[in-house]
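Colleague: I should like a close look at a single part of this model, suitable for a first-year student. Could you please describe one strand and what surrounds it?

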Amino acid sequence: MDGIVIVDKPQNWTSQDVTARLRRVFHTRRIGHGGTLDPMATGVLPIFVGRATRGVEFFEHAEKTYETVLRLGLTTDTEDITGAVLTETPVSVTDEQIEAALAAFRGEIMQVPPMYSALKVNGQKLCDLARKGKTVERQPRPITIHELTLLERGVNTLRLRVRCSKGTYIRTLCKDIGEELGCGGCMESLRRVSAGEYTIDEAVPLQELLDTTQAAKYLRSVDTMFRNYPAVTLTANQEIRCRNGNAFSVKLPEGTFRAYSQSGEFLMLAKVENGVMTTIKSFFAV
């Protein structure tokens, strides 16, 4: 079986846990996931099955959208509610102060990765060092916050919608917003509501997949992850050149395209420059 299944990951499962269980469901070891979710997080986790795993590399750079609850007045060593409490501070902030703080984090910003992360320094994962009580210097990295919206304000909480680039740590964003407000903060909950082209409305609860005897019906074709690009049907001769990995002339504008055979098979993601189509990544069966 080949394709992509959009899983609604439950809490307390790692992304690797999900792929391990779905290997049994789809009867293949050729499975990968698009974009790691922490165990406490829920929501959209695209799983690539069979030949569709060739598309994982493109998904790593996809924008993600989250809904998160920021707990104000509380800081922890993990930057989320599961960690050991470091400080507790009374909260007294106005709506105007909140909006000003959020505005400071919109757009291109620099973010210092948290110690409790899988990033490696000198070959060691930061989270492994953190569990040993060690802290090492981390260099700030550029990220982009495309959207940061206050959805709801509670007594000591802010429910936020965040659309962001690859490499963004939402718990660190929560911590930094808390610092900007002067009271500190940490992430209380996290749900990914979209990843790339896929939304939570398309996601299947993991348990439903584990219980099914018809796993194939949940798979969508790999070309759905490129559905924002225009489609083009190749001629028979162009298809031959495509399957041989050769470039060929086309009468198309410059850009990126989904290329299909005369029978409708998705062949490749392609680019056109100066009237010549070349392969970005092929997806046809060999």
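Modeller: The account that follows concerns strand β12 and its surroundings. Please keep in mind that the model is a predicted one.

The strand β12 comprises residues 185-195. Is β12 enclosed or open to the outside? Eight of its 11 residues are buried, so β12 is largely enclosed by the rest of the structure. Here a residue is called buried when its relative accessible area is under 20%.

We may next consider the strands that pair with β12. With β4, which covers residues 64-72, β12 pairs in the antiparallel sense, and nine bridges join the two. Within this pairing, Y66 has R192 of β12 as its bridge partner. Strand β3, residues 42-49, pairs with β12 in the parallel sense, over two bridges. Here G43 stands opposite R192. R192 is therefore a useful residue to locate in the display, as it is the bridge partner of Y66 and also stands opposite G43.

A further pairing involves strand β13, residues 198-199, which runs antiparallel to β12 and is joined to it by two bridges. In this pairing A195 has Y198 as its bridge partner. The two strands form a hairpin with two residues between them. In the turn, G196 has a positive phi of about 60°.

Helix α5, residues 170-181, belongs to the surroundings of β12 as well. Nine of the 12 residues of α5 are buried, and the helix is thus mostly covered. Among these buried residues are I170, L173, C174, I177 and L181; R171 and D176 are also buried. The buried residues of α5 pack against β12, and also against β4, α3 (95-103), β7 (107-111), β10 (141-153) and β11 (157-164). A simple check can be made on the length of this helix. At 1.5 Å a residue, the 12 residues of α5 should span 16 Å, and the end C-alpha atoms are 17 Å apart, which agrees. Just after α5, G182 takes a positive phi of about 85°.

What does β12 give to the lining of the largest pocket? It gives three residues, the most of any element. This pocket has a volume of about 1,200 Å³. Its lining consists of 36 residues, and the closest to the centre are T36, L37, D38, A118 and Y169. The elements that give two or more residues to the lining are α1, β4, α4, α5 and β12. The lining is mixed in character: 13 of its residues are nonpolar, 13 are polar and 10 are charged.

One of these elements, α1, covers residues 15-26. T19 lies in this helix and, at 1% relative accessibility, counts as buried. Leaving aside residues up to four places away in sequence, T19 touches I31, G32, H33 and I47. The loop between β1 (3-9) and α1 holds N12, which has a positive phi of about 70° although it is not a glycine. In contrast to T19, which is buried, N12 counts as exposed, at 65% relative accessibility.

To return to the strand itself, β12 is largely enclosed, pairs with β4 over nine bridges, and gives three residues to the lining of the largest pocket.

Note on methods: Residues are numbered from 1 along each chain as its sequence is written. This is a predicted model: local features need pLDDT of at least 70, side-chain atom pairs count only at pLDDT 80 or more; totals for chains, interfaces and linings use all residues. Side-chain values use heavy atoms; hydrogens and water are left out. On a 1 Å grid over the protein atoms alone, a cavity is a set of points where a 1.4 Å probe fits but cannot get out, and a pocket is an open set with protein on both sides within 12 Å along at least five of seven lines; lining residues have an atom within 4 Å of a point. Grid points are joined across faces, edges and corners, and a volume is the space filled by probe spheres set on the points. Helices (H or I, at least four residues) and strands (E, at least two) are DSSP runs, numbered from the N terminus. Ala, Val, Leu, Ile, Met, Phe, Trp, Tyr, Cys and Pro count as nonpolar, Asp, Glu, Lys and Arg as charged, and the others, Gly among them, as polar. Buried means under 20% relative accessible area, exposed over 50%, partly exposed in between (1.4 Å probe, protein chains only). Contact means heavy atoms within 4.5 Å. The expected span of a helix is 1.5 Å times one less than its number of residues.
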